[in-house]
Amino acid sequence: MKFPYSDKVLEHFRHPHNVGRIEDADGKSMEGSPACGDMVAVYIKVNVETKRIDDVKFESYGCASNIATGSIITDMAKGKTLDEAKQISWKEASEALGGLPPIKAHCSVLAVEGLRSAIRDYEEKHGLAAHDEPTTREVLERRLKHVMNPLTGLDVVRTNLIKEVDIKSGAVRVLIDLPRDHQFAKAISEDIEDKLKSLWDVKSVSIEFTE
Ligand code: FES
């Protein structure tokens, strides 16, 4: 059978570069695709002085296109400054791979979004992000769409796991529709805390459970 993939895609899929996790990453992200339910995680190490990406790794729970794009964009991002790496587009990634079937465009978008989110995570943790947007309920919900619900592989907002979320004077409160002793309760609350506490005007995050 002939795969509808270029040789370059197949080569990166079979022997992906920069696969793995960086335990002491300076920035990290986990992005999920609503189109297929797959996920990608990206980790970066950044040189504080030069703001260049010294190292970058990714883990993919996606298809061949996603793995090949993760491989090529991490190659492209290594050694670039954060601003340069943010400019890498899925179109460039797909061109560098010799093209992707149109039905697979979302897979490369997912990998590129993963890289951009890891950069945003670094910028927020280091006070480099633009501070012009005050954190509202909508901002929190947008951010929570990047927290996966391990029960379904989709995010916690779309799967209605978040019952309530609000912010008052910098204090965020999130109510999760799970018993406190659920096997995933700890992992989900840590992920939520991680995603929300780096917002510039958030002072505290309290997570509650329905039971
Ligand atoms: Fe899910 Fe490609 S089909 S990442």
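Helices and strands here are DSSP runs, numbered from the N terminus, with at least four residues for a helix and at least two for a strand. With that in hand, Leu151 can be placed in the loop between β4 (148-149) and β5 (154-155). The model is a predicted one, and the description below goes through a few single residues, two helices and two pockets.

Leu151 makes a handy starting point. Its relative accessibility is 46%, so Leu151 counts as partly exposed, given that the partly exposed class lies between the 20% and 50% cut-offs. Once neighbours within four places in sequence are set aside, Leu151 is in contact with Leu178, His182 and Phe184. Gly20 is a long way off along the chain: 131 residues separate Leu151 and Gly20 in sequence, and their C-alpha atoms are 23 Å apart in space.

Next come the helices, beginning with α1 (residues 7-14). Its buried residues are Val9, Leu10 and His12. They cover an arc of only 165° around the axis, and therefore sit on the same side of α1. Over on the other side of α1, Asp7 and Arg14 are exposed. As for what covers the buried residues of α1, helix α2 is included.

Helix α2 itself (residues 64-77) is a different story. Of its 14 residues, 13 are buried, so α2 is largely enclosed by the rest of the structure. Its length works out too: at 1.5 Å a residue, the 14 residues should span 20 Å, and the end C-alpha atoms are indeed 20 Å apart. Asn66 belongs to this helix and is buried, with a relative accessible area of 1%. Not counting residues up to four places away in sequence, Asn66 touches Met39, Val40, Ser60, Cys107, Leu110 and Ala111. Just after α2, Gly79 takes a positive phi of about 90°.

Backbone angles are worth a look elsewhere as well. Most residues other than glycine have a negative phi. Asn18 is not a glycine, yet its phi is positive, near 60°. Asn18 lies in the loop between α1 and β1, and with a relative accessible area of 13% it is buried. Lys51 also has a positive phi, of about 60°, although it is not a glycine. Lys51 is found in the loop between β2 and β3 (53-60), and at 26% relative accessibility Lys51 counts as partly exposed.

Then there are the pockets. The largest pocket holds about 570 Å³ of space. Its lining is made up of 22 residues, and Arg21, Lys28, Met30, Tyr43 and Asp191 are the ones that lie nearest its centre. Three elements each supply at least two residues of this lining, namely β1 (27-32), β2 (39-46) and α7 (185-197). Helix α7 gives the most to the lining of the largest pocket, with 6 residues. Sorted by class, the lining of the largest pocket comes to 12 nonpolar residues, 1 polar and 9 charged.

The second largest pocket has about 440 Å³ of space. It is lined by 24 residues, and the closest to its centre are Arg120, Glu124, Arg143, Lys195 and Leu199. Two or more residues of the lining of the second largest pocket come from each of β1, α5 (105-125), α6 (137-144) and α7. By class, this lining has 6 nonpolar, 7 polar and 11 charged residues.

One last residue brings the text back to α7. Asp194 has its place in that helix, and its relative accessible area is 19%. Buried means under 20%, so Asp194 counts as buried. Leaving aside neighbours within four places in sequence, Asp194 is in contact with Lys28 and Lys125. Val205 is 11 residues from Asp194 in sequence, and the C-alpha atoms of Asp194 and Val205 are 9.4 Å apart in space.

Note on methods: Residues numbered from 1 in each chain as written. Predicted model: local features only at pLDDT ≥ 70, side-chain atom pairs only at ≥ 80, totals over all residues. Heavy atoms only, no water. 1 Å grid on protein atoms, 1.4 Å probe; cavity = no way out; pocket = protein on both sides within 12 Å on 5 of 7 lines; lining within 4 Å. Points joined across faces, edges and corners; volume = space filled by probe spheres on them. Nonpolar A, V, L, I, M, F, W, Y, C, P; charged D, E, K, R; others polar. Expected span 1.5 Å × (residues − 1). Buried < 20%, exposed > 50% of the residue type's maximum accessible area, 1.4 Å probe, protein only. Arc of directions from axis to C-beta. Contact = heavy atoms within 4.5 Å.
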